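Reader: Hi! I'd like to go through this fold with you before I set anything up. Can you put it on the screen?

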Amino acid sequence: MSSDQPPAVVRRGTNLDRVGGFNDTVVLDAIRRADERLSRVEIAAATGLSGQAISNITRRLLDAGLVREAGRQKSTGLGKPRTLLELEPTGQYAVGVHLDPAVVTTVVLDLTGQVVVRRRAETPASDDPDVLIAGIAATVEQVIAEAGAPRERVVGVGIAAPGPIDVERGVVINPPNLSAWHLVPLRDTLRELTGLPVLLDKDVTAAASAEKWAGGPNGRGSFVFFYLGTGVGAGLVIGDEVVRGSSSNVGEIGHVIVDPDGPLCFCGRRGCVGETSQPRYLVQQAVHAGVLAKGIDLDDRRAVDLAFADLCQQALAGGKVARELIAALAGRIAKVVEDIANLLDLERVVFGGPHWDHLAPFFDEAVRAALEERFLVRSVHPFVVTGTALGADVGAVGAASLVLDHTFSPNPSVLLLGPAESAPPVVVGSAKG
């Protein structure tokens, strides 16, 4: 890791006996966050716990199958080599589902956050909630079987959905790009169909959580994850903690005005970044400019996505008008990122989402330089522009990461998996079959 990257933040434990469960999660989290395997002595130094406490905790974690011994440190001549510890990948599994209006992505993660199985399918054009949720439930069963994960070690399903959502009730309210969805009880319906604990969270929050979990240096410190999909959104991590807001609906940036003369948004104003960033709008612009053929059905998501990919390919091949349209999009998004970065004094923006692969080549040095130039405290610290290291799976990985985070969190209430009796044990005993 380069010297200019922020170090991982390790939680501190307490040596009071009555908070043993808290300390288990602190130790497990320290092992997860370490850049290399740790000895018990190093874990004690990192967490502030006594040697005896570390001995008791690591024994419990070993017995539960959540950590494993991984060789010994080289001897320094000052005593016998210390035994090193690392996470046991097969100790727990979590399923993650990302529901985007264009595509549904499903993954299985092991305890280290590695993707074991992935599956992608187009979102049915009808948007019928019952049909879509039944399909998701069937896919969840398929990926668990394909992963070879023992059912008792699957701690739950995380589902990342477009907002707004009601986290307490597990309900998707009225997502603008899923027209048939109105007060859909997604969490409870999926739990009934799968028999597993289910967590519902916003897609951008899940993506930010994925970057925090598995994005390496990109996921440390304070950053905004800028989601580029059928809509846009912003997931926030401040000081290594995912920010959710008072109702877990943080990141609704779609109605920031970036072009007062732009198209009319459904909110009644013109030039909202959400409206002007949709593939539908870009395709419409390209048709009017003669770059794409007329006759594209703008209400057909599949047709629009194919046309949008064609537009990006033309821009990449040097097409002047196509490149100008994509460059204008990048400029609009840069303006929103500028405002967020200056407001919150962030260290970086991480771009990702279903359309990032198409757009990545156009967020070139000129855009990066514009963002860095607009960052008002650049004389104090730089502002970095980067893309996700997790690819198109980032939303689904994040949804599963939020479930796994239950294992590593000293505060289990951060996850609302439905009724309290359905939540899995926090650590000890939750991995042994």
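Reader: Thanks! In which sense do β2 and β3 pair, and over how many bridges?

Author: They are antiparallel, with four bridges between β2 and β3, the latter being residues 83-87. One of the pairs is V67 with L87, which sits in β3. Keep in mind that this is a predicted model.

Reader: What packs on that sheet?

Author: Helix α3, residues 51-63, does, and it touches β2 and β3. The direction of α3 makes about 110° with that of β2.

Reader: And what is the strand order in that sheet?

Author: The order is β1-β3-β2, in an open sheet of three strands with antiparallel pairing. The edges are β1 (38-39) and β2 (67-72); each has a single partner strand, so one side of each has no neighbour in the sheet.

Reader: Good. Let me zoom out: how many helices and strands does the protein have?

Author: The protein has 13 helices and 15 strands. It is 433 residues long, and 53% of them count as buried. Among contacts with a separation of 6 or more, 63% are between residues 24 or more positions apart.

Reader: What about the surface: how much area does the protein expose?

Author: About 18400 Å², with carbon and sulfur atoms supplying 52% of that.

Reader: Since it's a prediction, what is the mean pLDDT?

Author: The mean is 84, and 88% of the residues reach 70 or more. Over residues 1-7, though, the pLDDT is below 50, and that stretch has 11 contacts in the model beyond near neighbours in sequence. Residues 13-20 are also below 50, with 14 such contacts.

Reader: Okay, I'll treat those with care. Which strands make up the five-strand sheet, and in what order?

Author: That open sheet runs β13-β12-β11-β14-β15, and its pairing is mixed. Its edge strands are β13 (241-243) and β15 (384-387); each pairs with a single strand, so one side of each is left without a neighbour in the sheet. On average, neighbouring strands there are turned by 25° against each other, ignoring direction.

Reader: Which helix packs on that one?

Author: Helix α10, residues 320-344, packs on the sheet and touches β11 (223-228), β12 and β14. The direction of α10 makes about 155° with that of β11.

Reader: And how many bridges link β12 and β13?

Author: Three, in the antiparallel sense, with β12 covering residues 232-238. I238 has E241, in β13, as its bridge partner.

Reader: My backbone check flagged D240. Where is D240?

Author: D240 is in the loop between β12 and β13. Its phi is near 70°, a positive value in a residue other than glycine. Most residues other than glycine have a negative phi, so a flag like that is understandable.

Reader: Is D240 buried or exposed?

Author: D240 has a relative accessible area of 6%, so it counts as buried. D345 also has a positive phi, near 55°, and lies in the loop between α10 and β14. With a relative accessible area of 41%, D345 is partly exposed.

Reader: Which residues does the cis peptide bond join?

Author: It joins G163 and P164, with omega at about 0°. P164 is in the loop between β7 (154-161) and β8 (165-166).

Reader: Changing topic: which helix holds S277?

Author: S277 is in helix α7, residues 273-277. Its relative accessibility is 7%, which is under the 20% limit, so S277 counts as buried.

Reader: What lies 2.6 Å from a polar atom of its side chain, and what does S277 touch further along the sequence?

Author: The 2.6 Å partner of the S277 side chain is the backbone oxygen of V273. Beyond its neighbours within four places in sequence, S277 contacts V232, L282, L329 and I333.

Reader: Last one, as I have to set protonation states: where is H355?

Author: H355 is in the loop between β14 (348-352) and α11 (356-359). H355 is buried, at 7% relative accessibility. Apart from neighbours within four places in sequence, its contacts are L228, G229, T230, P279, D305 and F308.

Reader: Great, thanks for the tour!

Note on methods: Residues are numbered from 1 along each chain as its sequence is written. This is a predicted model: local features need pLDDT of at least 70, side-chain atom pairs count only at pLDDT 80 or more; totals for chains, interfaces and linings use all residues. Side-chain values use heavy atoms; hydrogens and water are left out. Two strands pair if DSSP finds at least two bridges between them. Helices (H or I, at least four residues) and strands (E, at least two) are DSSP runs, numbered from the N terminus. Contact means heavy atoms within 4.5 Å. Axes are lines fitted to C-alpha atoms, for helices over the stretch in contact, and angles run from 0 to 180 degrees between N-to-C directions. Buried means under 20% relative accessible area, exposed over 50%, partly exposed in between (1.4 Å probe, protein chains only). A polar contact is a pair of N or O atoms within 3.5 Å; within protein, one must be able to donate a hydrogen and the other to accept it, and residues adjacent in sequence count only if both atoms are side-chain atoms. Accessible areas come from the Shrake-Rupley method with a 1.4 Å probe; for residues, only the protein chains shown count as cover. pLDDT is the predictor's confidence in each residue, from 0 to 100.
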